[in-house]
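Q: Please take a close look at one part of this model, starting from the surface and then following the aromatic side chains and their surroundings. A connected account for a reader at the bench would be welcome.

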Amino acid sequence: MFKNKKKSIIPYILNLQEWKIQNKKKIQSKHLKNNFKTVIFFSATSSVNHRKGFNYLYEAIEKYLDKDKYYLLVAGVKPNLFDKITIEKKFIGQLTSQKEINLAYNLADIYVMPSIMESFGQVYIEAGICGIPSVAFRKTAAEDIIQHKKNGYLANYKSSKDLAFGIDWIKIKSKKDSQMSTKIRKYTNKKFSAEANIEKIVMLYKKNLANVD
């Protein structure tokens, strides 16, 4: 219907004042009793639904990752496979406040959302503004947010093996680059903050209103 029409993309805008980078080791020690494992964070309000892809994360952990090196943190609705996964883990349930959500992201070292159908993926932006790299699948809306091997990793679609490779890659990369979190937040700020987009949106409205008969 719109293939021959002009199209403009207005990105989702975050209020940066609500999202902060916290002292990761300090809060991990307090809330997870974990000072040496890499924390993988998965969250979804409908994570029992197959489209959120927890089954791919389950397979990545069970088949391809060194489980002694990782800790799994899950929020939202408990996935059906959560109790079966053989890794040190913690389920923290529904997050009901901005403070809780911000804390959860900061507890993580890597955010993993292997959704196979995603219209946008606000969670990748939220993770990014907290300085957390994300791992997701190609051929989804994650491609509009994640720059492959810059602020995250885009795994081959529905490949648990490549998902695991991406998690390992992020783990190694973050150890080599001490400024990785700062760079990710800076990129997210540049693309999704109000300051970066309000003027563009105003100009778009002015341009279209000028063309109204």
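**From a surface patch to an aromatic cluster**

A: In this predicted model, Ile 10, Tyr 205 and Leu 209 make a nonpolar surface patch of about 340 Å². One of these residues, Ile 10, is placed in the segment before helix H1 (24–31). The relative accessible area of Ile 10 is 43%, and because the partly exposed class lies between 20% and 50%, Ile 10 is counted as partly exposed.

The aromatic residues give a view of the interior. A search of the whole structure finds 11 aromatic pairs. One of them joins Phe 41 and Tyr 105, whose ring centres are 5.6 Å apart and whose planes stand at 85 degrees, so the pair is edge-to-face. Phe 41 belongs to strand E1 and Tyr 105 to helix H3 (residues 98–107), so this pair ties together parts that are 64 residues apart in sequence. Both Phe 41 and Tyr 105 are buried. Tyr 105 also forms an aromatic pair with Tyr 111, with 5.7 Å from centre to centre and 55 degrees between the planes, a tilted arrangement. The relative accessibility of Tyr 105 is 2%, so Tyr 105 counts as buried; for Tyr 111 the value is 0%, so Tyr 111 is buried as well. Ring pairs link Trp 19, Phe 41, Tyr 105, Tyr 111 and Tyr 124 into a cluster.

Strand E1 (38–44) also appears in the surroundings of helix H2. In H2 (residues 54–64), the buried residues are Phe 54, Tyr 56, Leu 57, Ala 60 and Ile 61. Seen down the helix axis, the buried residues of H2 fall within an arc of 160 degrees, so they line one face of the helix. Their cover includes, besides strand E1, the strands E2 (70–76), E4 (110–112) and E5 (134–137), together with helix H5 (160–176).

Strand E5 leads on to two lysines with an unusual backbone angle. Lys 139 is found in the loop between E5 and strand E6 (152–155), and Lys 149 is found in the loop between E5 and E6 as well. Although Lys 139 is not a glycine, its phi is positive, at about 65 degrees. Lys 149, likewise a residue other than glycine, has a positive phi near 65 degrees. Lys 139 is exposed, with a relative accessible area of 68%, whereas Lys 149 is partly exposed at 38%.

Note on methods. Residues are numbered from 1 along each chain as its sequence is written. This is a predicted model: local features need pLDDT of at least 70, side-chain atom pairs count only at pLDDT 80 or more; totals for chains, interfaces and linings use all residues. Side-chain values use heavy atoms; hydrogens and water are left out. Buried means under 20% relative accessible area, exposed over 50%, partly exposed in between (1.4 Å probe, protein chains only). Helices (H or I, at least four residues) and strands (E, at least two) are DSSP runs, numbered from the N terminus. The arc is that of the directions from the helix axis to the C-beta atoms. Contact means heavy atoms within 4.5 Å. Patches are made of residues with over 30% relative accessible area and no salt bridge: like charges are joined within 9 Å, nonpolar side chains (Val, Leu, Ile, Met, Phe, Trp, Tyr) within 5 Å. Accessible areas come from the Shrake-Rupley method with a 1.4 Å probe; for residues, only the protein chains shown count as cover. A salt bridge is a side-chain nitrogen of Lys or Arg within 4 Å of a carboxyl oxygen of Asp or Glu. Rings of Phe, Tyr and Trp (its six-membered ring) pair if their centres lie within 6.5 Å; planes under 30 degrees apart count as stacked, over 60 as edge-to-face and the rest as tilted.
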